[in-house]
Amino acid sequence: MKTFWLAASLLFLVASAQAQPVDTFEGPVIGPQGSPIGKIWVRSSENATVFRIRIDPGGLSPGWHGMHVHAVGDCSDPGRFERAKGHVNFENARHGLLHPEGPEEGDLPNLFVNADGSANAEVSSESVVLRGELGLQDADGSALVIHAGEDDHLSQPIGNAGARVACAPVK
Ligand SMILES: [Cu+2]
C-alpha cells in the first residue's frame, strides 16, 4: 500500500511538473580579458524569461551598465564581443525600453555594479524565451551582453551604452 501511495505521489509530481514546464540554463559571464567574471542563470516559461546575474568582485567598473540580449551565442572575441551580433530584434523595432517605437526584444534594464566591482541582479523579459524557433537557444544561440556605460533606453542604436565589456553565451 505504501508503494502504491509513493507511486501515486510521484505520478502527481511528474504531472504537475509537466503542466508548468520551466526551461533552465546556466553559464559563465566572460569578461573583457576572456576569463569568467561571474555567472548567469536563466529560467524560462512559455511566456517569460528570468535572468539572474552575478558579477564577482572586481569584475566590472562600478555604476550602471546597459545590458541586452544579443542575437548570437558567440563570446569568443573578448574585449570586442562583436561576434554576438546586434540585439535580438524580430520586428525591426527601435532600440529602447522607453522608445515609442520600441523596444527591441533584446532590450533589458540596466545592471548596477557595486563599488567593489560586484553585482547581483534579477531581471525578467516577456519578449524572449529559451526554447523554440525564436528562442534564445535557437541554432546559433544568443548572448547576454553588458556594456561599458548606462543605457538611456532611448538613443539609437544602443542607448548610448558604449563598448561591450562582458558577454554570457546562452546556447
Ligand atoms: Cu547591447
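**Charged pairs and a copper site**

Arg80 has a relative accessibility of 51% and counts as exposed. The cut-off explains the label, because exposed means over 50%. This is a predicted model, and the values here are computed from it.

Start with the partner of Arg80. Its side chain meets that of Glu82 in a salt bridge, 3.0 Å from N to O. Glu82 has a relative accessible area of 47%, so this residue is partly exposed. The pair therefore joins an exposed arginine to a partly exposed glutamate.

Now widen the view. Searching the whole structure gives seven salt bridges. One of them joins Asp23 and Arg131, whose side chains meet at 3.3 Å, N to O. Asp23 belongs to strand S1, residues 23-30. Arg131 sits in the loop between strand S7 (119-125) and strand S8 (142-147). The two residues are 108 apart in sequence, so their contact ties together separate parts of the chain. Arg131 is partly exposed, at 48% relative accessibility.

Another salt bridge links Asp56 and Arg54. Their side chains come to 3.1 Å, N to O. Asp56 has 28% relative accessibility and is partly exposed. Arg54, at 30%, is also partly exposed.

Salt bridges can also join up. Arg43, Arg52 and Glu122 form such a network.

Turn next to the metal. Which residues supply the protein donors of the copper ion? They are His68, through ND1, and His70, His87 and His147, each through NE2. These donors lie 2.0 to 2.6 Å from the copper ion.

How are the donors spaced along the chain? The pattern is H-x1-H-x16-H-x59-H. Within that set, His70 lies in strand S5 (residues 67-70) and His147 in strand S8. The pair is 77 residues apart and links distant parts of the chain. Both His70 and His147 are buried.

Why does the arrangement around the copper ion count as irregular? The four donor atoms subtend angles of 76 to 135°. A tetrahedral label needs all angles to lie between 85 and 135 degrees. The low end of the range, 76°, falls outside that window, so the tetrahedral label does not apply.

Two links across the chain are worth tracing in the structure. Strand S1 connects through Asp23 to Arg131, in the loop between strand S7 and strand S8. Strand S5 and strand S8 carry the copper donors His70 and His147.

Note on methods. Residues are numbered from 1 along each chain as its sequence is written. This is a predicted model: local features need pLDDT of at least 70, side-chain atom pairs count only at pLDDT 80 or more; totals for chains, interfaces and linings use all residues. Side-chain values use heavy atoms; hydrogens and water are left out. A salt bridge is a side-chain nitrogen of Lys or Arg within 4 Å of a carboxyl oxygen of Asp or Glu. Helices (H or I, at least four residues) and strands (E, at least two) are DSSP runs, numbered from the N terminus. Buried means under 20% relative accessible area, exposed over 50%, partly exposed in between (1.4 Å probe, protein chains only). Donors are N, O and S atoms within 2.8 Å of the metal (3.2 Å for Na, K and Ca); water is not among the atoms, so sites may look incomplete. Four donors count as tetrahedral if all angles lie between 85 and 135 degrees; four count as square planar and six as octahedral if opposite donors are over 155 degrees apart and all others between 65 and 115; anything else is irregular.
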